[in-house]
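Me: I've got a structure here and some labels I don't quite get. Can we go through them together?

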Amino acid sequence: MITTEQHEKLRGWFTGRLPDDLFEGLVEVTVDREEITVIGRVPAPRLAENTSAAEKEAAVRARVQEFRERTREERMAVAREAEHRFRRKVSWGVECAGERALFTHIAAPVMTRLRQSERQVLDTLIGAGVARSRSDALAWCVRLVQRHTDDWLTELRESLEHVQRVRGRGPDREGDAAEPEDESPGEE
């Protein structure tokens, strides 16, 4: 978990480093222990007013694919630099005409121990065809919790950030509790 200030510095680095003509705008930069995900907005295709939903969907998919192929080298160069600097993989995605598409992203393994009653929940999801495996079922549960508790999770993240700031000012901290201005998450 990183602080709001570290996240702002990370977003600022991408804002400054990305070529001006790559995206219409930077929509979102998210980060966790393993990955930085960069989402930018690309222009929607120009369509006639009476365009069907199917045609609009196909046009947006084609625009996203064209952008992905055309900008691959530029994005890879930025990703290499960011991965070295922040020691996290960089994933890319776009928003186009209100639709979001991820090009790349990592699926990090997470180990957990579950009691029988918890395993039975996962097995029920498998039996019902909601998931193919316990791993898929657990990921489904996490997405469900995320969808229904966004406000609570946001408040929890803010509380954790406060704990980190207070811990950083503790008696075991040598020197000044403030971070150096040029330090970013993962930099040495």
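Here are my questions, one label at a time.

Reply: Sure, and keep in mind that this is a predicted model.

Me: Why is the contact between Glu-28 and Arg-100 called a salt bridge?

Reply: The N to O distance between their side chains is 3.4 Å. The rule asks for a side-chain nitrogen of Lys or Arg within 4 Å of a carboxyl oxygen of Asp or Glu, so this pair qualifies. By that rule the count comes to ten salt bridges.

Me: What makes the Glu-28 and Arg-100 pair tie parts together?

Reply: Glu-28 sits in strand E1 and Arg-100 in strand E4, so the bridge links parts 72 residues apart in sequence.

Me: Why is the patch with Asp-150, Asp-151, Glu-155 and Glu-158 called negative?

Reply: Asp and Glu count as negative, so a patch formed by these four gets that name. One of them, Glu-158, is found in helix H5.

Me: How do you know which element gives the most to the lining of the largest pocket?

Reply: Lining residues have an atom within 4 Å of a pocket point. Of the 45 that line this pocket, H4 supplies eight, so H4 gives the most. The pocket holds about 2200 Å³ of space.

Note on methods. Residues numbered from 1 in each chain as written. Predicted model: local features only at pLDDT ≥ 70, side-chain atom pairs only at ≥ 80, totals over all residues. Heavy atoms only, no water. Patch = residues over 30% accessible without salt bridge, like charges linked within 9 Å, V, L, I, M, F, W, Y side chains within 5 Å. Areas by Shrake-Rupley, 256 points an atom, 1.4 Å probe, with all protein chains shown as cover. Charge placed at Lys NZ, Arg CZ, Asp CG, Glu CD. Helix = DSSP H or I, 4+ residues; strand = E, 2+ residues; numbered from the N terminus. 1 Å grid on protein atoms, 1.4 Å probe; cavity = no way out; pocket = protein on both sides within 12 Å on 5 of 7 lines; lining within 4 Å. Points joined across faces, edges and corners; volume = space filled by probe spheres on them.
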